[in-house]
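Student: I should like to learn how to read a protein model, beginning with its overall form and ending with single residues. Where should one begin?

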Amino acid sequence: MAPSPDVLSPAKLGPVSLRNRVIKAATFENRTPNALVSDDLIEFHRVVAAGGVGMTTVAYCAVSPGGRTSGDGLWMRPEAVAGLRRLTDAVHAEGAAVSAQIGHAGPVADARSNKARALAPIRFFNPIGMRFAKKADRDDIAGVIAAHADAARIAVDAGFDAVEIHLGHNYLASSFLSPLVNRRRDEFGGSLENRAKVARGIVQAVRAAVHGQIAVTAKLNMSDGVRLGIGTEEALTTARWLQDDGGLDALELTAGSSLVNPMYLFRGHAPIREFAGVFKPPLSWGMRMTGHRFLREYPYRDAYLLEDARLFRAELSMPLILLGGITSRETMDTAMAEGFEFVAMARALLAEPDLVNRIAADANHQSACIHCNQCMPTIYRRTHCVVTGAPDTTRYS
């Protein structure tokens, strides 16, 4: 067997060369007032790039106004290119690559805040937006697929090195994959082959749109963590189809559902009281009384998605990105030894943006992230670490 690669060594991701194999995973930053790039967002990614990652991921770049999680969210359109170009230039100046996470939030979209109709596989009520999502018809689905291609072309124009297609967390493509959410009886429902048409169609449209100029990756659920949701067996089949379709340069493996079980991705303490403090009554009351049912707690351990991810590594030949509890040189080395080409981290870089540089200087460096998940409720204000971060006083610019 060939020796496993050094996680801090250069690597190819499709047509892109990365200085190392560490990717800053997508974390919704909430730094896009007026749905456009701010100096604050640019600085957020510049600092992470200066901190040593091979590539940082800008999230979340919706493909349409109705595909946003909230009204201040960035959506990919010509007016956004100038700001995005300033962001990519700033990241490149620090020696890192940069990816745009593109997608449609589907049933997770806040239609009230977006002032645009949300879409879902079926008519679906979103309690945060207090609106019903429309059951997507064939024209809606075709429009969403075309919007992903348009967003990818905008990413190329703005200087991105890659796009990450969001196929996870029960956002639109993932909600079509879910047998729990997708109860349609037409060609987009029923069998997994039918339910996977949206995800596969999006990937093929994006691949055709970028003409090999940038890398194309996707984030795919291995499991929703709920009964009757996406399970590993169906997810493996979907991943094989995506591999055989030839549209992806790598696949990032994730888990959990923003609709019904978000803590299955995050693990550790569920900050129910802090989430309740973000919302106004009656939603805040409901969160305090029943939040434990939605935010179920799972014990944290390093590399907590590795057990499921091994199943995918054994079955797939395409490059894979291991996510979840990657906070130390030891877990990075484990991922490399297990055959993963890249690792991705998010919360650890909120706590310590220069973590990669610190690990490069001292392999025994311990992450400052204590896995408290207090950063999660800050996504409604401005995403940051409440333990190591400065007070949240930065203003949009």
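Tutor: Please note at the outset that this is a predicted model. One may begin with the radius of gyration: a compact globule of 397 residues would have a value near 21 Å, and the protein has 19 Å, which agrees. Along the principal axes, its C-alpha atoms fill a box of roughly 55 × 45 × 45 Å.

Student: How many helices and strands does the protein have?

Tutor: The secondary structure comes to 15 helices and 13 strands. Contacts add to this picture: among those with a separation of 6 or more, 71% are between residues 24 or more positions apart.

Student: What percentage of the residues count as buried?

Tutor: Of the 397 residues, 60% count as buried. The protein exposes about 15700 Å², and carbon and sulfur atoms supply 53% of that area.

Student: Which residues touch the most other members of the largest nonpolar core?

Tutor: That core has 124 residues, and those touching the most other members are Leu84, Ile102, Ile165, Leu167, Val206, Leu251 and Phe312. Helix H4, residues 138–157, gives the most to this core, with ten residues. There is also a second, separate core of 14 residues, including Ala59, Ala111, Ala120 and Leu259.

Student: Which residues does Phe312 touch, not counting residues up to four places away in sequence?

Tutor: With those set aside, Phe312 touches Met222, Thr232, Ala235, Leu236, Ala239, Leu253 and Leu320.

Student: Let us take a residue of a helix. Is Val48 buried or exposed?

Tutor: A residue counts as buried under 20% relative accessible area. Val48 has 2% relative accessibility, and therefore counts as buried. This residue is found in helix H1, residues 39–50. Beyond its neighbours within four places in sequence, Val48 is in contact with Lys24, Val53, Thr56, Leu349 and Pro353.

Student: How far apart are Val48 and Leu355 in sequence and in space?

Tutor: They are 307 residues apart in sequence, while their C-alpha atoms are 8.8 Å apart in space.

Student: May we apply the same reading to Thr331? In which helix does Thr331 lie?

Tutor: Thr331 lies in helix H13, residues 329–337. Its relative accessible area is 6%, so Thr331 is buried. Apart from neighbours within four places in sequence, its contacts are Asp302, Ala303, Gly325 and Ile326.

Student: I should now like to consider the backbone. What should one expect of phi and of peptide bonds?

Tutor: Most residues other than glycine have a negative phi, and most peptide bonds are trans. Departures from this pattern deserve attention in the model. Ala303, a contact of Thr331, has a positive phi of about 50° although it is not a glycine. Ala303 lies in the loop between H11 and helix H12 (306–315), and with a relative accessible area of 11% it is buried. His371, also not a glycine, has a positive phi of about 60°. His371 is found in the segment after helix H15 (355–361).

Student: Where are there cis peptide bonds?

Tutor: One cis bond runs from Ala59 to Tyr60, with omega near 0°. Ala59 belongs to the second core, and Tyr60 lies in strand E4, residues 55–62. Another cis bond joins Pro281 and Pro282, where omega is about 5°. Pro282 is placed in the loop between helix H10 (272–278) and helix H11 (283–294).

Student: Finally, how many positive and negative side chains does the protein have?

Tutor: There are 44 positive and 41 negative side chains, and the centres of the two sets lie 7 Å apart.

Conventions
Residues numbered from 1 in each chain as written. Predicted model: local features only at pLDDT ≥ 70, side-chain atom pairs only at ≥ 80, totals over all residues. Heavy atoms only, no water. Core = buried A, V, L, I, M, F, W, Y, C linked by side-chain atoms within 4.5 Å. Buried < 20%, exposed > 50% of the residue type's maximum accessible area, 1.4 Å probe, protein only. Helix = DSSP H or I, 4+ residues; strand = E, 2+ residues; numbered from the N terminus. Contact = heavy atoms within 4.5 Å. Rg over C-alpha atoms; globule rule 2.2 N^0.38 Å. Areas by Shrake-Rupley, 256 points an atom, 1.4 Å probe, with all protein chains shown as cover. Lys, Arg positive; Asp, Glu negative; His and termini not counted. Charge placed at Lys NZ, Arg CZ, Asp CG, Glu CD.
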